[in-house]
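The following report walks through one molecular structure, and it is best read with the sequence and the 3D view side by side.

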Amino acid sequence: MTDCIFCKIVRGEIPAKKIHEDDDVVAFHDIHPIAPVHFLVIPKMHIPSMADLQPEHEAAIGKVMVVAGKLAREQGCADGFRTIINTGRVGRQEVYHLHVHIVGGPEVLPPMLKY
Ligand code: AMP
Ligand code: ZN
């Protein structure tokens, strides 16, 4: 996807503070962190959102989740963290390239949902 900002990060066309890259997955720090640890894990493949996942994406998404857990431990979330996937208008998704937020830090996070 030419115009997708996360595809541009995958291709190295815009800078990002990458903390992991392999053949299928990239992880980088969120540009507007909401906690001491806040990074994003994405498949290199352009999948717009979780609502677009198909059976052929199982391996790629499985790798994203395994990398996310490993990086969370390495980045200082030994006591836990929050995993967020925003989807679509209702989920307030801003970037339409599927990504997993890992949010944490030394302190306990606020309650998950506030209405
Ligand atoms: P959402 O789609 O609602 O899950 O949010 C997208 C997230 O991507 C936000 O937390 C942004 O701060 C983050 N973000 C947007 N552009 C960049 C970028 N160039 N580098 C790192 N993080 C970004
Ligand atoms: Zn993309």
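Two residues are said to be in contact when heavy atoms of theirs lie within 4.5 Å. The model described here is a predicted one.

With that meaning of contact in mind, one may begin at I102, which, leaving aside its neighbours within four places in sequence, touches V37, H38, F39, V41, A68, A72, F81, R82 and T83. I102 is also, together with F39 and V41, among the residues with the most contacts inside the largest nonpolar core, which has 13 residues. The elements that give two or more residues to this core are the strands β2 (25-29), β3 (37-43) and β5 (100-104) and the helix α2 (58-74), and of these α2 gives the most, with 5 residues. Another core lies apart from this one and has 9 residues, including F6, V10, V26 and I42.

F6 leads on to the aromatic side chains, for the structure holds 1 aromatic pair, and its members are F6 and F28, arranged edge-to-face with 5.3 Å from centre to centre and 75° between the planes. This pair links distant parts of the chain, since F6 belongs to helix α1 (residues 5-10) and F28 to strand β2, 22 residues apart. Both F6 and F28 are buried.

Strand β2 also takes part in a pairing with strand β1 (residues 18-21), in which the two run antiparallel and are joined by 3 bridges. H20, for instance, has A27 in β2 as its bridge partner, and the hairpin that connects β1 to β2 does so through 3 residues.

The next site to look at is that of the zinc ion (ligand 2), whose protein donors lie 2.0 to 2.3 Å from it. The table names these donors with their atoms.

| Donor residue | Donor atom | Distance range for the donors |
|---|---|---|
| C4 | SG | 2.0 to 2.3 Å |
| C7 | SG | 2.0 to 2.3 Å |
| H46 | ND1 | 2.0 to 2.3 Å |
| H97 | ND1 | 2.0 to 2.3 Å |

The angles among the 4 donor atoms are 107 to 116°, and the site is tetrahedral. Along the sequence, the donor residues follow the spacing C-x2-C-x38-H-x50-H. H46 lies in the loop between β3 and α2, whereas H97 lies in the loop between β4 (82-84) and β5, so the pair ties together parts that are 51 residues apart in sequence.

Are these two histidines buried or exposed? H46 counts as partly exposed because its relative accessibility is 22%, while H97, at 0% relative accessibility, counts as buried.

Note on methods:
Residues numbered from 1 in each chain as written. Chains lettered and ligands numbered in written order. Predicted model: local features only at pLDDT ≥ 70, side-chain atom pairs only at ≥ 80, totals over all residues. Heavy atoms only, no water. Core = buried A, V, L, I, M, F, W, Y, C linked by side-chain atoms within 4.5 Å. Buried < 20%, exposed > 50% of the residue type's maximum accessible area, 1.4 Å probe, protein only. Helix = DSSP H or I, 4+ residues; strand = E, 2+ residues; numbered from the N terminus. Donors = N, O, S within 2.8 Å, 3.2 Å for Na, K, Ca; no water. Tetrahedral: all angles 85-135°; square planar, octahedral: opposite > 155°, others 65-115°. Phe/Tyr/Trp six-rings, centres within 6.5 Å; stacked < 30°, edge-to-face > 60°. Pairing = 2+ DSSP bridges.
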